[in-house]
Amino acid sequence: MKIYLGADHGGFNLKGKIMAYLAKRGIDFEDVGNLELDDGDDFPRFAQAVALKVIGDDDEDARGILICKGGQGMAMSANRFRGVRAIVASTAEDARHGRNDNNANVLSLPARVLDNDDDHYWQDIVDTFLDTEFAGAERFVRRNDMIDELS
């Protein structure tokens, strides 16, 4: 599994923490930007970069992590791409359901909620997103296929 990370200025600090955590866990990742803090950058650019990497990767289990202040804009932008199933998760339970039920392949994190002194909270969300398998129930597969048909 390879993880692609993207963040605007609002998520830049948390992205650095997440990259260090992924490295510690021995998980292969690529930072697709922003590579430096720029208060004038725009989140859709990074959502697009992550989405294209995830759907263009030969590994069917490639995933993305996006970070901005609220998480919603990144998820909305990433979900414009067929094959991307981005979720906003502010709890490990959000991440678990997104992976188990929806086979989410992109996690969008709200930095304004998660970038604080309690790193364990966001680590639990990231761990859950990475470690939870898709249940593969027929109804879940059918619904994901319907989503792709609509895009």
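Is Leu-37 buried or exposed? In this predicted model, Leu-37 has a relative accessible area of 53% and is therefore exposed, as the cut-off for that class is over 50%. Leu-37 belongs to the loop that joins strand E2 (28-31) to helix H2 (43-56). Once its neighbours within four places in sequence are set aside, the contacts of Leu-37 are with His-9 and Phe-12. Val-84 lies 47 residues from Leu-37 along the chain, and the C-alpha atoms of the two are separated by 26 Å. The loop between E2 and H2 also holds Asn-34, and here the backbone deserves a look: the peptide bond from Gly-33 to Asn-34 is cis, with omega near -10°. In general, most peptide bonds are trans, and most residues other than glycine have a negative phi. A positive phi is found at Asn-103, where the value is near 55°. Asn-103 sits in the loop between H4 and E5.

Helix H6 (residues 119-131) makes a good place to begin with the packing. With 13 residues at 1.5 Å a residue, H6 should span 18 Å, and its end C-alpha atoms are indeed 18 Å apart, so the two values agree. Its buried residues are Trp-122, Gln-123, Ile-125, Val-126, Asp-127, Thr-128, Phe-129 and Leu-130. What covers these buried residues of H6 includes three strands, namely E1 (2-7), E3 (63-68) and E5 (106-110). Helices also take part in the cover, among them H1, H4 (92-102) and H5 (111-114).

Two packed helices are described by the angle between their axes and the distance between the axes. For helix H1 (residues 12-25) and H6, the axes come within 11 Å and cross at roughly 55°. H1 and H6 are therefore oblique to each other, and their crossing is right-handed. On the H1 side, the residues that meet H6 are Leu-14, Lys-17, Ile-18, Tyr-21, Leu-22 and Arg-25. Their partners in H6 are Asp-119, Trp-122, Gln-123, Val-126, Asp-127, Leu-130 and Asp-131. By class, this contact of H1 with H6 comprises 7 nonpolar, 1 polar and 5 charged residues. The spacing along each helix invites a reminder: an α-helix has 3.6 residues a turn, so residues three or four places apart point the same way.

How do H4 and H6 lie relative to each other? The axes of H4 and H6 come within 8 Å and cross at roughly 10°. That angle makes H4 roughly parallel to H6, because angles under 35 degrees fall in that class. The crossing of H4 and H6 is right-handed. Ala-92, Ala-95, Arg-96 and Arg-99 are the H4 residues at this contact, and they meet Asp-124, Ile-125, Thr-128 and Phe-129 of H6. Sorted by class, the residues of the contact of H4 with H6 give 4 nonpolar, 1 polar and 3 charged.

Several individual residues help to fill in the picture around these helices. Leu-114 lies in helix H5 and, at 1% relative accessibility, counts as buried. Beyond its neighbours within four places in sequence, Leu-114 is in contact with Leu-14, Ala-89, Ser-90, Leu-109, Tyr-121, Trp-122 and Ile-125. Leu-14 is one of the H1 residues that meet H6, while Trp-122 and Ile-125 are among the buried residues of H6. Gly-70 is 44 residues away from Leu-114 in sequence, with a C-alpha to C-alpha separation of 9.8 Å.

Ile-65, in strand E3, is buried at 0% relative accessibility. What does Ile-65 touch, not counting residues up to four places away in sequence? The answer is Ile-3, Tyr-4, Leu-5, Gly-6, Ile-18, Val-50, Leu-107, Leu-109, Val-126 and Phe-129. With Phe-129, the sequence separation from Ile-65 is 64 residues, and the C-alpha atoms are 9.5 Å apart.

Gly-11 offers a further buried site, with a relative accessible area of 0%, and its place is the loop between E1 and H1. Setting aside neighbours within four places in sequence, Gly-11 is in contact with Ile-67, Cys-68 and Ala-111. Asp-101 is 90 residues from Gly-11 in sequence and 27 Å from it in space, C-alpha to C-alpha.

Technical notes. Residues numbered from 1 in each chain as written. Predicted model: local features only at pLDDT ≥ 70, side-chain atom pairs only at ≥ 80, totals over all residues. Heavy atoms only, no water. Axes fitted to C-alpha atoms, helices over the stretch in contact; angles between N-to-C directions. Helix = DSSP H or I, 4+ residues; strand = E, 2+ residues; numbered from the N terminus. Parallel < 35°, antiparallel > 145°, perpendicular 65-115°, else oblique. Left-handed = near helix turned anticlockwise from the far one by under 90°. Contact = heavy atoms within 4.5 Å. Nonpolar A, V, L, I, M, F, W, Y, C, P; charged D, E, K, R; others polar. Expected span 1.5 Å × (residues − 1). Buried < 20%, exposed > 50% of the residue type's maximum accessible area, 1.4 Å probe, protein only.
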